[in-house]
Amino acid sequence: MVGTATNGRARQAFSYVNGGYDMSPGSAPASNAGSECGGIEFTREDVEALLREKPKRKDKFNLREKCDILTEYIKRLKLCIKWFQELEASYVFEQEKLQNRLDKAELRCFETESQLKDKEEELNSIIQELRTNYSSLQEKFEQEECDKLSAMDSLTKERQARLDIERSQNTLSEELGRAQRELSSANQKISSLNDMYKRLQDYIASLQQYNSKLHTDLSTVEDDLKRVEKEKAGMGENLSMLRGQLTMCKASHDEAVKQRDALVNEAASLKMELQQVRDDRDRLLLQVQSLTAEVVQYKESTENSCSDLDNLTTKTNELEDKCLSQSNEISTLKDQLTTALEKLQVSDLSALETRSEHEEQKNLISELQSRLADAEFKVIEGEMLRKKLHNTILELKGNIRVFCRVRPLLPDDGSCADGKVISYPTSMEAFGRGIDLVQTGQKHSFTFDKVFVPDASQEDVFEEISQLVQSALDGYKVCIFAYGQTGSGKTYTMMGKPGQTEQKGLIPRSLEQIFQTRQSLLAQGWKYEMQVSMLEIYNETIRDLLSTNRSSVDILRTENGVGSKQYTIKHDASGNTHVSDLTIVDVRSAKEVSYLLDRAAQSRSVGKTQMNEQSSRSHFVFTLRISGVNESTEQQVQGVLNLIDLAGSERLSKSGSTGDRLKETQAINKSLSSLSDVIFALAKKEDHVPFRNSRLTYLLQPCLGGDSKTLMFVNISPDPSSSGESLCSLRFASRVNACEIGTPRRQTNLRSPDYRLSYG
């Protein structure tokens with residue numbers, strides 16, 4: 001019970017008990033203000049001085065003085081004893097108080113865990129409901145999209161039909177115009193033909209009248225000619241009768257001469273009349289001939305006119321039939337046009353209805369999209385909250401987090417007759433966290449903190465560990481290591497492919513994030529200094545990958561198991577790991593670290609086996625030590641980021657290693673076996689954990705058994721021929737995930753004059 005007291009009381013020298021001077025016979029005890037001990041504290045030196053104190057007497061035989069000295073000594077002893085009793089009581093009280101606080105903290109922790117479980121179940125149910133709603137909304141959205149596409153197709157078809165109708169309408173209107181123009185021209189022709197026909201009829205009637213008149217005149221002339229012939233015959237009879245009378249009446253010659261003169265005169269007049277009648281007859285004959293010729297011509301013209309009239313009548317009939325047919329066609333076209341206009345009106349109405357429905361569907365789709373975005377945002381928030389709560393639970397439990405990553409199938413990989421050997425469950429509980437492996441017909445199921453499928457990108461993987469990397473800047477020790485068989489993608493996960501931005505690994509991305517965050521924290525008063533070291537464990541020998549004085553002889557000695565330098569691993573009381581004589585480089589940017597990584601990659605041991613063209617033959621350990629101080633709050637943090645690429649486990653029968661490769665394989669398998677022994681001991685919570693069996697496990701001791709935030713990547717090959725190794729890796733990762741290594745502790749304190757981390 002000797003030592004410094006608690007409750008913030010200051011320790012005082014023992015001389016204060018003696019009143020600030022050495023004990024003398026006339027000295028008085030110190031006053032106790034407020035308590036029996038007066039707020040006095042005793043140290044181990046004070047108690048030892050009190051016990052070793054010998055009374056100083058001037059006179060050996062002065063018993064009174066001796067009695068006073070002993071009384072004073074007894075009083076001081078009693079005072080010391082009372083002070084120790086009070087101290088013990090205060091310790092008991094403090095212990096009870098701390099025990100009560102511990103019970104309350106455990107109760108709160110239990111309540112928090114139950115609340116977290118309830119919250120997680122509630123969030124899982126909400127997420128399930130949201131996913132159900134999302135699937136239904138997705139189906140509705142797809143249905144709406146289909147309806148929208150069909151409506152758009154129908155609208156396009158209706159628009160095309162409308163355009164066709166308009167084109168046909170324009171064509172019909174043009175044809176109608178042409179038909180109307182042809183009809184008007186035909187009507188004009190018909191009217192002109194009708195006028196010509198009327199004129200021809202009038203001309204024919206006049207010709208008929210003239211013909212009848214000519215016939216009448218001809219009959220009159222023929223009657224006159226007959227009458228003249230009759231008169232001529234009568235006149236011949238009269239002449240013969242006159243000749244008889246002349247022969248008979250010669251007697252009266254005078255009378256006869258007189259009568260003859262009279263008759264001669266009368267005959268001359270008759271001859272003149274006859275000549276005149278003959279002239280008239282000739283003239284009439286000429287007129288008859290001309291009239292006959294005219295009648296013949298008229299008949300011919302009449303026949304031509306009749307034939308023309310027949311032709312015109314035929315054409316008129318044809319035109320009338322054509323006009324009738326065109327009228328029928330026009331009426332049909334008018335009916336069709338009316339029908340088309342009605343259809344156009346109906347299509348316009350349907351187009352308006354479709355447009356209104358399209359607008360409604362568009363509004364509904366936008367509303368569904370906004371609701372879908374809200375649901376996705378809520379799902380993302382729920383997932384982030386679940387991850388945060390899950391990380392909090394894991395930190396409270398102190399478990400090692402395990403992420404599983406399956407690499408894609410390569411062209412050189414074999415094929416399985418039964419199909420894929422690796423599958424992923426789709427249930428709500430195991431979605432994104434479960435993996436199933438089939439070997440020899442038996443299915444093995446595993447669940448981890450996260451499972452990355454083959455098509456997951458480097459960015460997707462880093463996004464899951466970005467918050468863990470951020471913890472290093474907050475003052476935590478963080479360890480991320482990749483485990484798996486040879487050729488399963490460990491080095492690709494940690495380092496990526498050089499020169500390809502999208503395929504950068506976790507180490508380059510982590511450094512970029514740390515330096516970006518460092519730059520953004522300058523505004524809050526934080527200043528960071530960072531140091532980098534890189535080493536590899538090759539054949540149970542530590543090699544400094546950043547050493548500037550490495551020669552080929554040193555490398556050859558290291559490969560033969562004889563190191564030019566003996567590097568020693570040490571762990572201090574704070575859980576920090578130091579490697580003696582290890583090169584530590586101050587860095588200020590991600591480019592400097594990238595240069596150091598390239599330099600270390602050139603120095604790292606790689607080799608060719610039957611399983612991998614460039615197989616890592618050593619364990620690679622990258623360490624970034626972070627020292628930060630806040631100028632305004634004087635707060636100091638010290639964090640460590642360990643990123644480890646373990647060598648791949650392999651079977652000698654498959655790798656075909658011989659000579660140096662055989663020694664490397666044996667050393668790798670031995671260190672990984674030691675790591676497995678450590679994990680088994682931690683899982684069983686054994687008192688002794690064999691960390692010292694291997695340099696790898698001894699180097700990882702603070703990460704596996706301390707207060708570090710630790711995450712393991714188990715890399716799996718989907719090659720059916722590697723299913724046995726994959727099963728072993730998954731079983732090992734499952735045991736690692738069950739290990740409890742303690743709650744992570746943040747390394748922070750107030751700023752000291754020399755706040756830089758010291759590295760051994």
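## A buried salt bridge and its surroundings

E536 is buried, with 0% of relative accessible area, in what is a predicted model. The side chain of E536 meets that of R543 in a salt bridge, with a distance of 2.9 Å from N to O. R543 is buried as well, its relative accessible area being 4%, so both partners of this salt bridge fall under the 20% that sets the limit for buried residues.

R543 also takes part in a second kind of contact, since its charged end sits over the ring of Y538, at 5.5 Å from the ring centre. A contact of this kind is found again elsewhere in the model, where K709 lies over the face of Y476 at 4.2 Å from the centre of the ring.

## Salt bridges with partly exposed residues

The count of salt bridges comes to four, and the pair of R543 and E536 is one of them. Another joins R167 to D164, whose closest N and O atoms are 2.1 Å apart. These two residues stand three residues apart in helix α2, which covers residues 63–248, and are therefore separated by about one helical turn. R167 is partly exposed, with a relative accessible area of 44%, and D164 is likewise partly exposed, with a value of 33%.

A further salt bridge is formed by E512 and K504, with 2.4 Å between the closest N and O atoms. E512 counts as partly exposed because its relative accessibility is 30%, a value that lies between the limits of 20% and 50% used for buried and exposed residues.

## Aromatic pairs

Seven aromatic pairs are present in the structure. In one of them, the rings of W83 and F84 have centres 4.9 Å apart and planes at 70°, so this pair is edge-to-face. Both residues are buried, W83 with a relative accessible area of 2% and F84 with one of 17%.

The rings of Y483 and F732 meet in another way: their centres are 4.5 Å apart and their planes stand at 35°, so the pair is tilted. Y483 lies in strand β6 (residues 477–484), whereas F732 belongs to helix α13 (residues 723–737), and the pair therefore ties together parts that are 249 residues apart in sequence. Y483 is buried, with a relative accessible area of 9%, and F732 is buried too, at 5%. Ring pairs also link F403, F452 and F713 into a cluster.

## The two sides of helix α1

Helix α1 covers residues 44–52, and among its residues D46, V47 and L50 are buried. These three cover an arc of only 95° around the axis, which puts them on the same side of α1. The face turned away from this buried side carries E45 and R52, which are exposed.

## The picture as a whole

Taken together, these contacts involve residues in several kinds of setting. The salt bridge of R543 and E536 joins two buried side chains, while that of R167 and D164 lies within helix α2 and joins residues that are partly exposed. Among the aromatic pairs, W83 and F84 are edge-to-face, and the tilted pair of Y483 and F732 ties strand β6 to helix α13. Helix α1, in turn, has D46, V47 and L50 on its buried side and the exposed residues E45 and R52 on the face turned away from that side.

Technical notes
Residues numbered from 1 in each chain as written. Predicted model: local features only at pLDDT ≥ 70, side-chain atom pairs only at ≥ 80, totals over all residues. Heavy atoms only, no water. Helix = DSSP H or I, 4+ residues; strand = E, 2+ residues; numbered from the N terminus. Buried < 20%, exposed > 50% of the residue type's maximum accessible area, 1.4 Å probe, protein only. Phe/Tyr/Trp six-rings, centres within 6.5 Å; stacked < 30°, edge-to-face > 60°. Lys NZ or Arg CZ within 6 Å of the ring centre and 35° of its normal. Arc of directions from axis to C-beta.
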